[in-house]
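Visitor: Please pick one part of this model and give me a close look at it. I'd like to hear about its surroundings too, in one go.

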Amino acid sequence: MENIVLESLKSRRSIRKYKQEPIKKEELEAILEAGAYAPTGMGKQAPLMVAVTNPDTVALLSKLNAQVMNGAQDPFYGAPVVIIVFGNGESNNCVQDASCVMSNLLNAAHALNIGSCWINRAKEVFESDEGKALKKQWGIPEHYIGVANCILGYIDGPYPKAKERKEDYIRIIE
Ligand SMILES: Cc1cc2nc3c(=O)[nH]c(=O)nc-3n(C[C@H](O)[C@H](O)[C@H](O)COP(=O)(O)O)c2cc1C
C-alpha cells in the first residue's frame, strides 16, 4: 500500500554523524509540537520536553551521559541539539508516555529531513547531583524522571540502510 506517512515511518533511521550547524528554530519548534501531540495515558500529557541548543549545555549533557558509561566518546555524536524527554514518575505510564513522545520526535525530525537518534542514560544523568541541579535550573519538578534523549541535527554523510526485519516479527490471528 502506497502512503507517504507509512513510507516515512519505514525510512527513518538513527543518525550518528551530524553537521555542526544548529537546526532552524522553526524546525525545532515543529518537532517539539509533534512530540506534544503524542498519545498519553488518559490524555494527561504527563511528560515534559526540554530542548537544549546551547552548545555548552549540550556538551555538559554529553559529558554526564558518557560518565554513566565510564566512556570518553561523545554519546551525542556531535549533534548540536538534544531534547530530553522526562516522564512523570508519579504516573503508571511514565515510560510509556515518554516513549510515545520520543517516537513522535524521531519521526517528525525525519519528516523534515533532520537526523535524529534515541540516546539512553537520561535516567542516570538526571539522578546525578549535576543532573538534579540542571532539573532545578530548568524548573522540572523532582518527581520527573529522565527517560530518553533525542539528538537532532542536519545529517552528515551517507544515509544508513535498515536491517532486514526478523521473520517472526508479526502474527495475524484471524
Ligand atoms: C530504547 C532505545 C535506546 C537506544 N539507545 C541508544 C543509545 O544510547 N545510543 C545510540 O547510538 N542509539 C541508541 N538507540 C538507537 C538504536 O540503536 C536504533 O534505533 C536501532 O539500532 C535501529 O536502528 P534505526 O533506528 O536506524 O532503525 C536506542 C534506541 C532505542 C529504541
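Guide: Let's start with Tyr77, which counts as partly exposed because its relative accessibility is 35% (buried is under 20%, exposed over 50%, partly exposed in between, with a 1.4 Å probe and protein chains only). This is a predicted model, so local features need pLDDT of at least 70 and side-chain atom pairs pLDDT 80 or more, while totals for chains, interfaces and linings use all residues. Residues are numbered from 1 along each chain as its sequence is written, and side-chain values use heavy atoms, without hydrogens or water.

Tyr77 sits in the loop between H3 and E2 (helices, H or I of at least four residues, and strands, E of at least two, are DSSP runs numbered from the N terminus). Its phi is positive, about 55 degrees, even though Tyr77 is not a glycine. Asn70 belongs to the loop between H3 and E2 as well, and here too a residue other than glycine has a positive phi, near 55 degrees. Asn70 comes after H3 and is exposed, because its relative accessibility is 75%.

Pro80 is another resident of the H3–E2 loop, but this one is buried, since its relative accessibility is 13%. Look at what Pro80 touches once neighbours within four places in sequence are set aside: Tyr18, Lys19, Gln20, Glu21 and Pro22, then Val52 and Thr53, then Val58, and finally Leu152 and Gly153 (contact means heavy atoms within 4.5 Å). Pro80 also comes within 7.8 Å of Ile23, C-alpha to C-alpha, with their positions 57 residues apart in sequence.

Val58 takes us into H3, as Val58 is among that helix's buried residues, alongside Thr57, Leu61, Ser62, Leu64, Asn65 and Ala66. H3 covers residues 55-68, which makes 14 residues, and spans 20 Å from first C-alpha to last, close to the 20 Å expected at 1.5 Å a residue (the expected span is 1.5 Å times one less than the number of residues). An α-helix has 3.6 residues a turn, so residues three or four places apart point the same way. The buried residues of H3 pack against four strands, E1 (48-52), E2 (81-88), E3 (115-119) and E4 (144-153), and against helices H5 (122-125) and H6 (129-138). At the N-terminal end of H3 there's a cap: a side-chain oxygen of Asn54 lies 3.0 Å from the backbone nitrogen of Asp56.

Now back to Tyr77 for its other role: it is one of the residues surrounding the ligand, together with Arg12, Arg13, Ser14, Arg16, Cys117, Trp118, Ile119, Asn120 and Arg121 (a residue is near a molecule if one of its heavy atoms lies within 4 Å of it). Sorted by class, that shell has 4 nonpolar, 2 polar and 4 charged residues. Three of these neighbours pair polar side-chain atoms with ligand oxygens. In Ser14, a side-chain N or O atom is 2.6 Å from a ligand oxygen. For Arg12, the distance from a polar side-chain atom to a ligand oxygen is 2.9 Å, and for Arg16 it is 2.9 Å too. The ligand taken alone exposes 620 Å², and the protein buries 60% of that (Shrake-Rupley areas, 1.4 Å probe).

Two of the shell residues lead on to further parts of the chain. Arg12 is in contact with Asn107, which also touches Leu9 when neighbours within four places in sequence are left out. Asn107 belongs to helix H4, residues 94-111, and is buried because its relative accessible area is 18%.

Cys117 leads to Cys150, whose contacts beyond four places in sequence are Val81, Val82, Ile83, Met102, Leu105, Leu106, Ser116 and Cys117. Cys150 sits in strand E4 and is buried, since its relative accessibility is 0%. Trp118, from the ligand shell, is 32 residues from Cys150 in sequence but 4.9 Å away in space, C-alpha to C-alpha.

Methods
A polar contact is a pair of N or O atoms within 3.5 Å; within protein, one must be able to donate a hydrogen and the other to accept it, and residues adjacent in sequence count only if both atoms are side-chain atoms. Ala, Val, Leu, Ile, Met, Phe, Trp, Tyr, Cys and Pro count as nonpolar, Asp, Glu, Lys and Arg as charged, and the others, Gly among them, as polar.
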